[in-house]
Amino acid sequence: MTKKQRYEGIIRYFLDHNPNAQTELIYHTPFELLVAVILSAQCTDKRVNMVAPDLLHAFPTPERMAQTTEAEIYEYIKSVSYPNNKAHHLLAASQRIVSEYGGEVPSDYDALLSLPGVGRKTANVMVSVLWNEPRMAVDTHVFRVSNRIGLTLNSKTPYETEMELTRNIPEKYIPQAHHWLILHGRYVCTARNPKCKDCGISDFCKYYAAKMKDSDGK
(Lines give C-alpha, C1' and ligand atoms only; values in the text may rest on other atoms or scores of the structure.)
Protein backbone atom coordinates (compact mmCIF):
# COMPACT_ATOMS: atom_id res chain seq x y z
CA MET A 1 0.00 0.00 0.00
CA THR A 2 1.32 3.42 -0.93
CA LYS A 3 1.31 6.36 1.46
CA LYS A 4 -1.22 8.10 -0.78
CA GLN A 5 -3.58 5.11 -0.59
CA ARG A 6 -3.24 4.98 3.19
CA TYR A 7 -4.07 8.66 3.57
CA GLU A 8 -6.98 8.44 1.16
CA GLY A 9 -8.46 5.39 2.88
CA ILE A 10 -8.17 6.84 6.36
CA ILE A 11 -9.57 10.23 5.37
CA ARG A 12 -12.46 8.57 3.54
CA TYR A 13 -13.31 6.49 6.61
CA PHE A 14 -13.38 9.47 8.96
CA LEU A 15 -15.37 11.59 6.52
CA ASP A 16 -17.98 8.82 6.42
CA HIS A 17 -18.03 8.05 10.15
CA ASN A 18 -17.16 11.32 11.91
CA PRO A 19 -17.64 14.21 9.47
CA ASN A 20 -18.30 16.78 12.20
CA ALA A 21 -15.48 15.92 14.60
CA GLN A 22 -14.76 18.68 17.09
CA THR A 23 -12.93 19.35 20.32
CA GLU A 24 -14.27 17.82 23.52
CA LEU A 25 -13.16 20.89 25.48
CA ILE A 26 -16.15 22.96 26.60
CA TYR A 27 -15.97 26.65 25.67
CA HIS A 28 -18.19 29.53 24.58
CA THR A 29 -15.69 32.31 23.78
CA PRO A 30 -12.16 32.49 22.38
CA PHE A 31 -10.86 33.32 25.86
CA GLU A 32 -12.57 30.28 27.36
CA LEU A 33 -11.02 28.06 24.69
CA LEU A 34 -7.59 29.57 25.29
CA VAL A 35 -7.88 28.90 29.01
CA ALA A 36 -9.05 25.34 28.37
CA VAL A 37 -6.26 24.56 25.91
CA ILE A 38 -3.58 25.94 28.24
CA LEU A 39 -5.00 23.80 31.05
CA SER A 40 -5.16 20.73 28.80
CA ALA A 41 -1.39 20.40 28.35
CA GLN A 42 -0.51 16.91 29.66
CA CYS A 43 -3.97 16.75 31.22
CA THR A 44 -7.20 15.10 30.11
CA ASP A 45 -10.04 17.08 28.57
CA LYS A 46 -12.33 15.47 31.13
CA ARG A 47 -10.35 16.98 34.00
CA VAL A 48 -10.17 20.38 32.27
CA ASN A 49 -13.93 20.38 31.76
CA MET A 50 -14.36 19.75 35.49
CA VAL A 51 -12.00 22.55 36.52
CA ALA A 52 -12.51 25.31 33.96
CA PRO A 53 -16.15 26.27 34.68
CA ASP A 54 -15.50 27.45 38.24
CA LEU A 55 -12.32 29.24 37.17
CA LEU A 56 -14.11 31.01 34.34
CA HIS A 57 -17.12 31.83 36.50
CA ALA A 58 -14.75 33.70 38.81
CA PHE A 59 -12.67 35.23 36.00
CA PRO A 60 -14.79 35.20 32.81
CA THR A 61 -12.73 37.70 30.81
CA PRO A 62 -9.05 38.55 30.31
CA GLU A 63 -9.65 41.80 32.19
CA ARG A 64 -10.97 39.99 35.25
CA MET A 65 -8.26 37.34 35.21
CA ALA A 66 -5.53 39.93 34.68
CA GLN A 67 -6.50 41.60 37.97
CA THR A 68 -6.20 38.50 40.14
CA THR A 69 -3.10 36.67 41.36
CA GLU A 70 -1.37 33.41 40.51
CA ALA A 71 -2.27 32.13 43.97
CA GLU A 72 -5.99 32.73 43.39
CA ILE A 73 -5.89 31.02 39.98
CA TYR A 74 -3.96 28.13 41.48
CA GLU A 75 -6.75 27.41 43.96
CA TYR A 76 -9.14 26.76 41.07
CA ILE A 77 -6.77 24.62 38.98
CA LYS A 78 -4.69 22.75 41.57
CA SER A 79 -6.10 19.39 40.45
CA VAL A 80 -4.68 19.69 36.91
CA SER A 81 -1.14 18.82 35.96
CA TYR A 82 1.53 21.50 36.56
CA PRO A 83 -0.88 23.95 38.23
CA ASN A 84 1.82 26.42 39.30
CA ASN A 85 3.11 26.87 35.76
CA LYS A 86 -0.38 27.08 34.33
CA ALA A 87 -1.49 29.64 36.90
CA HIS A 88 1.51 31.76 35.93
CA HIS A 89 0.76 31.41 32.21
CA LEU A 90 -2.94 32.17 32.56
CA LEU A 91 -2.27 35.33 34.53
CA ALA A 92 0.52 36.51 32.23
CA ALA A 93 -1.44 35.70 29.06
CA SER A 94 -4.48 37.57 30.35
CA GLN A 95 -2.37 40.60 31.19
CA ARG A 96 -0.77 40.53 27.72
CA ILE A 97 -4.18 40.24 26.04
CA VAL A 98 -5.39 43.28 27.97
CA SER A 99 -2.28 45.41 27.50
CA GLU A 100 -1.46 44.51 23.89
CA TYR A 101 -4.72 43.39 22.26
CA GLY A 102 -7.47 45.43 23.88
CA GLY A 103 -8.86 42.55 25.87
CA GLU A 104 -9.55 40.42 22.78
CA VAL A 105 -7.81 37.11 22.14
CA PRO A 106 -5.85 37.75 18.94
CA SER A 107 -6.74 35.76 15.83
CA ASP A 108 -3.30 36.31 14.29
CA TYR A 109 -1.13 33.22 14.59
CA ASP A 110 2.10 35.00 15.50
CA ALA A 111 0.27 37.16 18.03
CA LEU A 112 -1.09 34.03 19.68
CA LEU A 113 2.42 32.59 19.86
CA SER A 114 3.54 35.73 21.69
CA LEU A 115 1.21 34.94 24.60
CA PRO A 116 2.78 33.29 27.66
CA GLY A 117 2.00 29.59 27.76
CA VAL A 118 1.07 29.41 24.08
CA GLY A 119 3.22 27.20 21.86
CA ARG A 120 2.61 25.79 18.40
CA LYS A 121 0.11 23.18 19.56
CA THR A 122 -2.04 25.67 21.47
CA ALA A 123 -1.90 28.27 18.69
CA ASN A 124 -2.77 25.62 16.10
CA VAL A 125 -5.77 24.50 18.14
CA MET A 126 -7.00 28.06 18.51
CA VAL A 127 -6.85 29.05 14.84
CA SER A 128 -8.16 25.73 13.55
CA VAL A 129 -11.07 25.44 15.99
CA LEU A 130 -12.12 29.09 16.03
CA TRP A 131 -11.26 30.20 12.51
CA ASN A 132 -10.98 26.92 10.59
CA GLU A 133 -7.42 27.63 9.52
CA PRO A 134 -5.49 24.63 8.09
CA ARG A 135 -3.16 24.22 11.06
CA MET A 136 -2.44 20.76 12.46
CA ALA A 137 -2.14 20.70 16.24
CA VAL A 138 -0.05 17.73 17.40
CA ASP A 139 -0.61 16.44 20.91
CA THR A 140 0.46 13.07 22.34
CA HIS A 141 -2.47 11.27 20.71
CA VAL A 142 -1.85 12.73 17.25
CA PHE A 143 1.88 12.07 17.52
CA ARG A 144 1.41 8.44 18.62
CA VAL A 145 -1.43 7.52 16.27
CA SER A 146 0.17 9.08 13.20
CA ASN A 147 3.34 7.07 13.68
CA ARG A 148 1.54 3.87 14.61
CA ILE A 149 -0.87 3.73 11.69
CA GLY A 150 1.71 4.90 9.17
CA LEU A 151 0.66 8.46 8.33
CA THR A 152 4.11 9.53 9.45
CA LEU A 153 7.31 7.53 9.27
CA ASN A 154 9.76 7.82 12.14
CA SER A 155 8.80 11.36 13.09
CA LYS A 156 10.91 12.26 16.09
CA THR A 157 9.15 15.45 17.16
CA PRO A 158 5.63 16.92 17.13
CA TYR A 159 6.88 19.51 14.62
CA GLU A 160 8.01 16.78 12.19
CA THR A 161 4.62 15.11 12.58
CA GLU A 162 2.83 18.42 11.98
CA MET A 163 4.79 19.07 8.80
CA GLU A 164 4.26 15.59 7.35
CA LEU A 165 0.54 15.53 8.09
CA THR A 166 0.13 19.02 6.64
CA ARG A 167 1.91 17.97 3.44
CA ASN A 168 -0.26 14.92 2.91
CA ILE A 169 -3.75 15.84 4.12
CA PRO A 170 -5.80 18.07 1.80
CA GLU A 171 -5.92 21.56 3.27
CA LYS A 172 -9.71 21.61 3.65
CA TYR A 173 -9.60 18.56 5.95
CA ILE A 174 -6.72 19.58 8.22
CA PRO A 175 -8.84 21.20 10.98
CA GLN A 176 -11.04 18.08 11.14
CA ALA A 177 -8.10 15.68 10.88
CA HIS A 178 -6.68 17.01 14.12
CA HIS A 179 -9.85 15.91 15.92
CA TRP A 180 -10.11 12.62 14.01
CA LEU A 181 -6.68 11.56 15.21
CA ILE A 182 -7.14 12.79 18.78
CA LEU A 183 -10.47 11.02 19.22
CA HIS A 184 -9.18 7.87 17.53
CA GLY A 185 -6.20 7.82 19.88
CA ARG A 186 -8.34 8.56 22.92
CA TYR A 187 -10.97 5.86 22.35
CA VAL A 188 -9.68 3.26 19.88
CA CYS A 189 -5.96 3.47 19.14
CA THR A 190 -5.04 3.75 22.81
CA ALA A 191 -1.44 3.89 23.97
CA ARG A 192 -1.64 0.46 25.55
CA ASN A 193 -3.68 -2.37 24.09
CA PRO A 194 -5.14 -0.58 21.07
CA LYS A 195 -8.61 -1.85 20.15
CA CYS A 196 -7.64 -3.15 16.72
CA LYS A 197 -10.70 -5.43 16.46
CA ASP A 198 -12.97 -2.40 16.86
CA CYS A 199 -10.96 -0.18 14.51
CA GLY A 200 -12.52 0.97 11.26
CA ILE A 201 -9.19 1.86 9.66
CA SER A 202 -7.32 -1.39 10.36
CA ASP A 203 -7.21 -2.15 6.61
CA PHE A 204 -5.05 0.95 6.16
CA CYS A 205 -2.99 0.63 9.36
CA LYS A 206 0.70 -0.15 9.14
CA TYR A 207 0.79 -1.38 12.75
CA TYR A 208 -2.13 -3.77 12.22
CA ALA A 209 -0.64 -5.13 9.00
CA ALA A 210 2.63 -5.89 10.79
CA LYS A 211 0.71 -7.45 13.68
CA MET A 212 -1.18 -9.76 11.32
CA LYS A 213 2.01 -10.68 9.49
CA ASP A 214 3.69 -11.65 12.76
CA SER A 215 0.63 -13.67 13.75
CA ASP A 216 0.60 -15.55 10.44
CA GLY A 217 4.30 -16.32 10.78
CA LYS A 218 3.92 -18.00 14.16
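Mentor: Before we look at this predicted model, keep one cut-off in mind, namely that contact means heavy atoms within 4.5 Å of each other. By that rule Ile11, Phe14 and Leu15 in helix 1 meet Gln176, Trp180 and His184 in helix 11.

Trainee: What makes the contact of helix 1 with helix 11 count as having 4 nonpolar residues?

Mentor: Ile, Phe, Leu and Trp belong to the nonpolar class, so Ile11, Phe14, Leu15 and Trp180 give the 4 nonpolar residues. Gln176 and His184 are the 2 polar ones, and no charged residue takes part.

Trainee: How are helix 1 and helix 11 oriented to each other, and how do you know that?

Mentor: Two packed helices are described by the angle between their axes and the distance between the axes. For helix 1 (residues 3–17) and helix 11 (residues 174–187) the angle is about 85 degrees, with the axes 11 Å apart. Angles of 65 to 115 degrees count as roughly perpendicular, and helix 1 and helix 11 are therefore described in that way.

Trainee: Which residues make the contact between helix 3 and helix 5, and what makes one of them charged?

Mentor: Helix 3 brings Val51, Asp54, Leu55 and Ala58, while helix 5 brings Ile73, Tyr76 and Ile77. Asp counts as charged, so Asp54 is the 1 charged residue beside 6 nonpolar and no polar ones. The angle between helix 3 and helix 5 is about 145 degrees, and their axes lie 8 Å apart.

Trainee: Why is the pair of lysine 3 and glutamate 164 called a salt bridge?

Mentor: A salt bridge needs a side-chain nitrogen of Lys or Arg within 4 Å of a carboxyl oxygen of Asp or Glu, and the N to O distance here is 2.7 Å, so the pair qualifies. The structure holds 5 salt bridges.

Trainee: What makes lysine 3 and glutamate 164 a link between distant parts of the chain?

Mentor: Lysine 3 sits in helix 1 and glutamate 164 in helix 10 (residues 158–168), which places them 161 residues apart.

Trainee: Which element gives the most to the lining of the largest pocket?

Mentor: Helix 11 does, with 7 residues. The largest pocket holds about 820 Å³ of space, and among its 40 lining residues Ser40, Gln42, Cys43, Lys121 and Asp139 are the closest to its centre. By class, the lining has 14 nonpolar, 17 polar and 9 charged residues.

Methods. Residues are numbered from 1 along each chain as its sequence is written. This is a predicted model: local features need pLDDT of at least 70, side-chain atom pairs count only at pLDDT 80 or more; totals for chains, interfaces and linings use all residues. Side-chain values use heavy atoms; hydrogens and water are left out. Axes are lines fitted to C-alpha atoms, for helices over the stretch in contact, and angles run from 0 to 180 degrees between N-to-C directions. Helices (H or I, at least four residues) and strands (E, at least two) are DSSP runs, numbered from the N terminus. Angles under 35 degrees count as roughly parallel, over 145 as roughly antiparallel, 65 to 115 as roughly perpendicular and the rest as oblique. On a 1 Å grid over the protein atoms alone, a cavity is a set of points where a 1.4 Å probe fits but cannot get out, and a pocket is an open set with protein on both sides within 12 Å along at least five of seven lines; lining residues have an atom within 4 Å of a point. Grid points are joined across faces, edges and corners, and a volume is the space filled by probe spheres set on the points.
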